[in-house]
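Thanks for coming. I will keep this short and stay with what can be read off the coordinates.

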Amino acid sequence: MEKFVCGALTMAILLQVTIAQTDHIVGDSFGWSIPINGAAAYTMWADANTIKIGDTLVFKFTEGNHDVQEVSRSSYEECNTQNSIGEAIKKGPAKITMQTLGDHYYICTVGEHCLAGQKMAIKVSSSNSSASNTPADTTPPPPSSSTVVFASFLISLSSIALAIFL
């Protein structure tokens, strides 16, 4: 019985670590750059991604061409660094791990990049919440095939662990 409890506890810890953190490539394939369609590109990206405590935002950019700076809402709206939070990250790719709930605002401070739309607002939710940046009245999508495969993998892994520890 002791082996079973130890095995179950180990599985629970591994599952939590596996699910708890996600790296999000900001802007997906276009990365952190001046978007062709302005700030709407990053608004759509933020709405399509659920960011949780412990997740990491990865801003992919070329050093010297861009940077990333967290700012207050007013600085985000006005594209200035008057109310900066921390220092600008000038070396890419920049990785920022989400540690606090709520709204976070990021801009590029190089030239007029922010005014051209290189800025992003996101909402960080708790790690056990399923809330996203989209309105709450939307219907959730069906599970993807990768979710089903991952669930099958976890069931197989649990069966193996039980066989080993029994």
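I will go through the strands, then the cysteines, then a few backbone details. One caution before that: this is a predicted model.

Let me begin with strand β3, which covers residues 56–59. On one side it pairs with β1, residues 23–25, in the parallel sense, and that pairing has 3 bridges. Within it, D23 is the residue opposite T56. β3 also pairs with β6, residues 94–97, and here the two strands run antiparallel, joined by 4 bridges. F59 has A94 as its bridge partner in β6.

Now the side chains of β3. T56 and V58 point one way, L57 and F59 point the other way, and all of them are buried. So what is the relative accessible area of T56, and does that make the residue buried or exposed? The value is 10%, and the cut-off for buried is under 20%, so T56 counts as buried.

T56 is worth another minute. Setting aside neighbours within four places in sequence, T56 is in contact with T22, D23 and H24, and also with K95, I96 and T97. With T97 there is a polar contact between the two side chains, at 3.2 Å.

On to the other strands. An open sheet is formed by 5 strands in the order β2-β8-β7-β4-β5, with mixed pairing. The edges are β2, residues 51–52, and β5, and each of these pairs on one side only. Inside the sheet, β7 and β8 run antiparallel and are joined by 6 bridges. As a register point, D103 is opposite K123 in β8. A helix packs here as well: α2 lies across β2 and β8, and the angle it makes with β8 is about 15°.

Next, the cysteines. How many disulfides are there? The count is 1. C79 is joined to C114, with an S to S distance of 2.1 Å. The torsion about that S-S bond is about -70°, so the disulfide is left-handed. C79 sits in the loop between α3 (73–78) and β5 (84–89), and C114 in the loop between β7 (102–107) and β8 (119–125); the pair therefore ties together parts 35 residues apart in sequence. Both C79 and C114 are buried.

That leaves C108 to mention, which is in no disulfide. Which cysteine sulfur is nearest to it, and how far away is that sulfur? The sulfur of C114, at 8.1 Å. With the disulfide cut-off at 2.5 Å, that distance does not qualify, so C108 stays unpaired. C108 has a relative accessibility of 2%, so it too counts as buried.

Last, the backbone. The peptide bond from G92 to P93 is cis, and its omega is near -5°. P93 belongs to the loop between β5 and β6. There are positive phi values in residues other than glycine to report as well. For D28, phi is near 50°, and D28 lies in the loop between β1 and α2, where α2 covers 40–48. For C79, phi is near 55°. That is the C79 of the disulfide with C114, in the loop between α3 and β5.

To recap: β3 pairs with β1 in the parallel sense and runs antiparallel to β6. The disulfide joins C79 to C114, and C108 is in none. That is what I have.

Definitions and conventions: Residues are numbered from 1 along each chain as its sequence is written. This is a predicted model: local features need pLDDT of at least 70, side-chain atom pairs count only at pLDDT 80 or more; totals for chains, interfaces and linings use all residues. Side-chain values use heavy atoms; hydrogens and water are left out. Buried means under 20% relative accessible area, exposed over 50%, partly exposed in between (1.4 Å probe, protein chains only). A polar contact is a pair of N or O atoms within 3.5 Å; within protein, one must be able to donate a hydrogen and the other to accept it, and residues adjacent in sequence count only if both atoms are side-chain atoms. Contact means heavy atoms within 4.5 Å. Two strands pair if DSSP finds at least two bridges between them. Axes are lines fitted to C-alpha atoms, for helices over the stretch in contact, and angles run from 0 to 180 degrees between N-to-C directions.
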